[in-house]
Protein chains: 2
Amino acid sequence: MKVLVIGGDGYCGWATALYLSNQGHEVGILDSLVRRHWDNELGVQTLTPIAPIGQRLQRWKDLTGKSIDLFVGDITNYEFLHKTLRKFEPQAIVHFGEQRSAPFSMVDREHAVLTQVNNVVGTLNLLYAMRQDFPDCHLVKLGTMGEYGTPNIDIEEGYITIEHNGRKDTLPYPKQPGSFYHLSKVHDSHNIHFACKIWGLRATDLNQGIVYGVLTDETGMDEMLINRLDYDGIFGTALNRFCIQAAIGHPLTVYGKGGQTRGFLDIRDTVRCIEIAISNPAAPGEFRVFNQFTELFSIGDLAMMVKKAGNSMGLNVEVDHLANPRVELEEHYFNAKNTKLLDLGLEPHLLSDSLLDSLLNFAVKYQQRVDKQEILPKVSWK
Amino acid sequence: MKVLVIGGDGYCGWATALYLSNQGHEVGILDSLVRRHWDNELGVQTLTPIAPIGQRLQRWKDLTGKSIDLFVGDITNYEFLHKTLRKFEPQAIVHFGEQRSAPFSMVDREHAVLTQVNNVVGTLNLLYAMRQDFPDCHLVKLGTMGEYGTPNIDIEEGYITIEHNGRKDTLPYPKQPGSFYHLSKVHDSHNIHFACKIWGLRATDLNQGIVYGVLTDETGMDEMLINRLDYDGIFGTALNRFCIQAAIGHPLTVYGKGGQTRGFLDIRDTVRCIEIAISNPAAPGEFRVFNQFTELFSIGDLAMMVKKAGNSMGLNVEVDHLANPRVELEEHYFNAKNTKLLDLGLEPHLLSDSLLDSLLNFAVKYQQRVDKQEILPKVSWK
């Protein structure tokens with residue numbers, strides 16, 4: 001299948017592009033490379049040394065004989081997007097190409113506006129471009145479990161059947177996102193749902209949990225193919241960040257009480273979920289929602305698991321409960337459904353001691369690259 | 001009270017600004033005047049001859065002795081907005097300042113993007129400006145009943161209590177908006193809700209129905225104060241448009257079967273609802289939602305009422321069922337609640353024969369200004 005991966009230079013996008021290429025799909029990457037620019041602006045670096053995109057792709061070709069087309073540009077530029085689609089003629093589009101950090105969106109007004117305009121306009125452009133030239137193409141859009149917030153009832157996959165005053169309907173699940181970034185994904189979901197309804201487009205919204213891990217079969221083939229791994233206060237996500245903190249002897253930064261429960265998944269499952277989605281496309285006019293995570297953990301429990309794994313490797317790991325920079329419930333009910341991808345064949349890699357060991361070892365290997373000034377959160381929601 | 005009316009040069013905004021001024025509030029108008037520009041771009045004109053904003057305000061002062069401050073500029077320009085708020089120091093902000101036409105937003109990609117960026121960024125800027133300098137100011141934001149779509153269960157006011165798998169929570173009412181414009185209002189609602197939660201701002205989201213009528217006590221004082229009345233395929237809304245069509249002998253343009261049921265209200269109730277909202281502010285941190293309409297009608301029923309009123313005045317009125325340019329259910333359940341404003345003292349002006357007579361007479365008076373080329377819908381959702 002011809003698959004265009006928008007945001008294919010990023011953490012999930014890069015792993016996905018190589019995985020799909022390895023599975024025999026014809027893959028293109030569209031990326032503006034703005035994430036590398038934001039790293040520079042913020043003065044942060046990923047733990048791992050990531051090569052320029054051209055060199056990455058050349059090495060992939062040298063190793064596997066497989067070519068990946070590269071289109072450098074921004075999907076908020078409609079002319080560029082439109083021409084790229086006409087050139088590549090995708091059968092499926094995987095859209096990772098958004099600003100994806102909650103703290104980044106909360107830095108100040110400019111970052112909130114940048115995040116929402118960038119994400120919403122990029123996705124609107126994509127919907128219009130698909131409508132114009134590729135109405136049968138399947139859009140696989142990355143959403144986030146954070147769209148749901150923490151309601152006191154079970155979280156279903158995108159929709160909920162409500163009985164009310166003796167009548168019944170199945171409606172979009174109510175959203176309570178927790179940052180201007182998460183809000184941008186809610187806006188996207190509403191826009192895509194509408195485009196499917198009026199134009200008959202087919203789309204799958206993957207409400208992804210927090211991704212951890214760094215190695216996939218493909219990115220582990222060669223150091224030039226290595227994936228990024230963020231640990232800083234802006235782009236570093238729980239678990240990956242904890243492992244790096246443990247490796248360098250920095251206390252694990254649990255925000256508040258640590259009772260915040262979230263969905264998690266291994267990056268090896270991210271790439272497989274994308275493949276499952278494109279192999280089982282949504283029907284014309286269908287806006288399908290999958291919750292893409294494999295396990296639920298509280299942040300406090302995760303920290304304890306990393307501490308235990310670190311101790312068994314001889315690392316001295318402390319856990320710090322920082323004042324929470326976010327506004328969120330720190331103790332709450334959380335029970336989210338995730339059966340749709342399992343029903344389509346996902347076999348989860350569950351979080352295990354061995355995975356934690358390997359992540360910790362990876363972090364130890366690159367520990368000299370860590371800038372300790374960038375670990376603590378600097379952005380407050382208040 | 002010091003009340004800033006953003007979008008105070010528009011249909012609802014102008015009537016509101018004069019009404020609040022007449023009630024003794026200290027009123028400022030902030031408006032970019034872009035709606036007058038869009039009229040020019042689209043080659044359409046309101047039925048009524050509206051005076052330049054400066055002349056309107058001078059006449060208001062001459063007639064009543066009351067001054068209304070004018071700030072011409074765009075709230076998507078943060079520096080302008082920020083300076084205006086510091087200068088005026090509002091205690092309440094009424095925000096009508098958005099692109100408000102569904103067909104306008106559906107013209108093409110550019111209009112969809114313009115609508116969402118204009119509306120979302122303007123409101124984000126307002127939230128940040130309030131947080132910075134006026135955190136206790138009450139935001140009264142115009143939303144739309146169209147945010148809800150047409151669910152098969154009763155529509156509550158902003159929130160719904162859901163029992164699910166033995167647990168219960170009160171969550172934002174699920175949204176199914178029917179155009180990129182309506183979507184922009186859904187995005188706004190989510191953004192404002194979040195800002196109230198994290199910053200403790202106070203806001204009231206008024207999910208307004210379709211407004212009809214042209215005269216309020218204030219705009220009827222003098223021809224220079226006359227309000228706009230749109231009849232064209234882009235900005236003309238049901239009922240106002242039907243009355244003008246009846247007056248000039250054009251068949252009433254019912255889209256599709258006409259079973260589409262919506263909430264309606266008289267513009268004299270719009271201005272009163274705003275006053276009720278600002279006189280009973282939301283609590284700090286509260287995101288309050290009122291459904292602002294007084295009666296439910298189907299489009300087909302409305303057309304029949306206009307036909308009957310027109311016939312009694314000797315007008316020959318025909319009803320045309322056009323192919324529906326929109327994608328929407330044409331027969332559906334619709335039962336929306338609207339008790340919150342009634343509980344706070346709203347005494348509705350119900351749609352009556354006399355109101356229809358006066359609207360029809362008004363339309364007859366200005367019929368020579370109608371451009372018949374602009375009546376039919378030209379924008380398709382497909």
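Helices here are DSSP runs of H or I, at least four residues long, numbered from the N terminus. Everything shown below comes from a predicted model.

**Figure 1. A salt bridge inside helix H2 of chain B.** Asp39(B) and Arg35(B) sit in the same helix, H2 (residues 34-42), four residues apart, or about one turn of the helix. Their side chains meet in a salt bridge, at 3.0 Å from N to O. Neither partner is out in the open: Asp39(B) is buried, and Arg35(B) is buried too.

**Figure 2. A salt-bridge network in chain A.** Which residues join up here? Arg35(A), Asp39(A), Arg100(A), Arg228(A) and Asp230(A) are linked by salt bridges into a network. For the wider picture, a search of the whole structure turns up 44 salt bridges over all chains.

**Figure 3. Arg262(A) paired with Glu328(A).** The closest N and O atoms of this salt bridge are 3.1 Å apart. Arg262(A) belongs to strand S11 (residues 261-266) of chain A, while Glu328(A) is in the loop between strand S14 (319-322) and helix H11 (339-343), so the pair ties together parts that are 66 residues apart in sequence. Arg262(A) counts as partly exposed because its relative accessibility is 22%. Glu328(A), at 25% relative accessibility, is also classed as partly exposed.

**Figure 4. A loop-to-loop salt bridge in chain B.** Glu331(B) and Lys257(B) form a salt bridge, with their closest N and O atoms 3.6 Å apart. Glu331(B) is in the loop between strand S14 (319-322) and helix H11 (339-343), and Lys257(B) is in the loop between strand S10 (252-255) and strand S11 (261-266), so this pair ties together parts of chain B that are 74 residues apart in sequence. Are these two residues buried or exposed? Both Glu331(B) and Lys257(B) are exposed.

**Figure 5. Thr84(B) and its contacts.** Look for Thr84(B) in helix H4 (residues 78-88) of chain B. Thr84(B) has a relative accessible area of 4%, so it counts as buried. Setting aside neighbours within four places in sequence, Thr84(B) is in contact with Leu30(B) and Phe71(B).

**Figure 6. How the two chains are related.** Chain B can be laid on chain A with an RMSD of 0.0 Å, using a turn of 180° and a shift of 0.0 Å along the axis. The two copies are therefore related as by a two-fold rotation axis. Both copies use the same surface, with 100% of the contact residues of chain B recurring in chain A.

**Figure 7. The interface between chain B and chain A.** Each side has its own set of contact residues: 50 residues from chain B and 50 residues from chain A. Together the chains bury about 4,800 Å², 65% of it on carbon and sulfur atoms. Arg109(B), Arg167(B) and Phe194(B) supply 14% of the area that chain B buries against chain A, more than any other three residues. What about polar links? There are 21 residue pairs in polar contact across the interface (both at pLDDT 80 or more), but zero salt bridges between the chains.

**Figure 8. The chain B side of the interface.** The elements giving two or more residues to this side are helix H6 (109-133), strand S6 (159-164), strand S7 (167-172) and helix H7 (180-199) of chain B. H6(B) provides the largest share, eleven residues. By type, the residues on this side divide into 26 nonpolar, twelve polar and twelve charged.

Terms used
Residues are numbered from 1 along each chain as its sequence is written. Chains are lettered from A and ligands numbered from 1 in the order in which they are written. This is a predicted model: local features need pLDDT of at least 70, side-chain atom pairs count only at pLDDT 80 or more; totals for chains, interfaces and linings use all residues. Side-chain values use heavy atoms; hydrogens and water are left out. Buried means under 20% relative accessible area, exposed over 50%, partly exposed in between (1.4 Å probe, protein chains only). Contact means heavy atoms within 4.5 Å. Copies are superposed by least squares on the C-alpha atoms of residues with pLDDT of at least 70 in both. Buried area is the accessible area (1.4 Å probe) that two parts lose on being put together, summed over both. A salt bridge is a side-chain nitrogen of Lys or Arg within 4 Å of a carboxyl oxygen of Asp or Glu. A polar contact is a pair of N or O atoms within 3.5 Å; within protein, one must be able to donate a hydrogen and the other to accept it, and residues adjacent in sequence count only if both atoms are side-chain atoms. Ala, Val, Leu, Ile, Met, Phe, Trp, Tyr, Cys and Pro count as nonpolar, Asp, Glu, Lys and Arg as charged, and the others, Gly among them, as polar.
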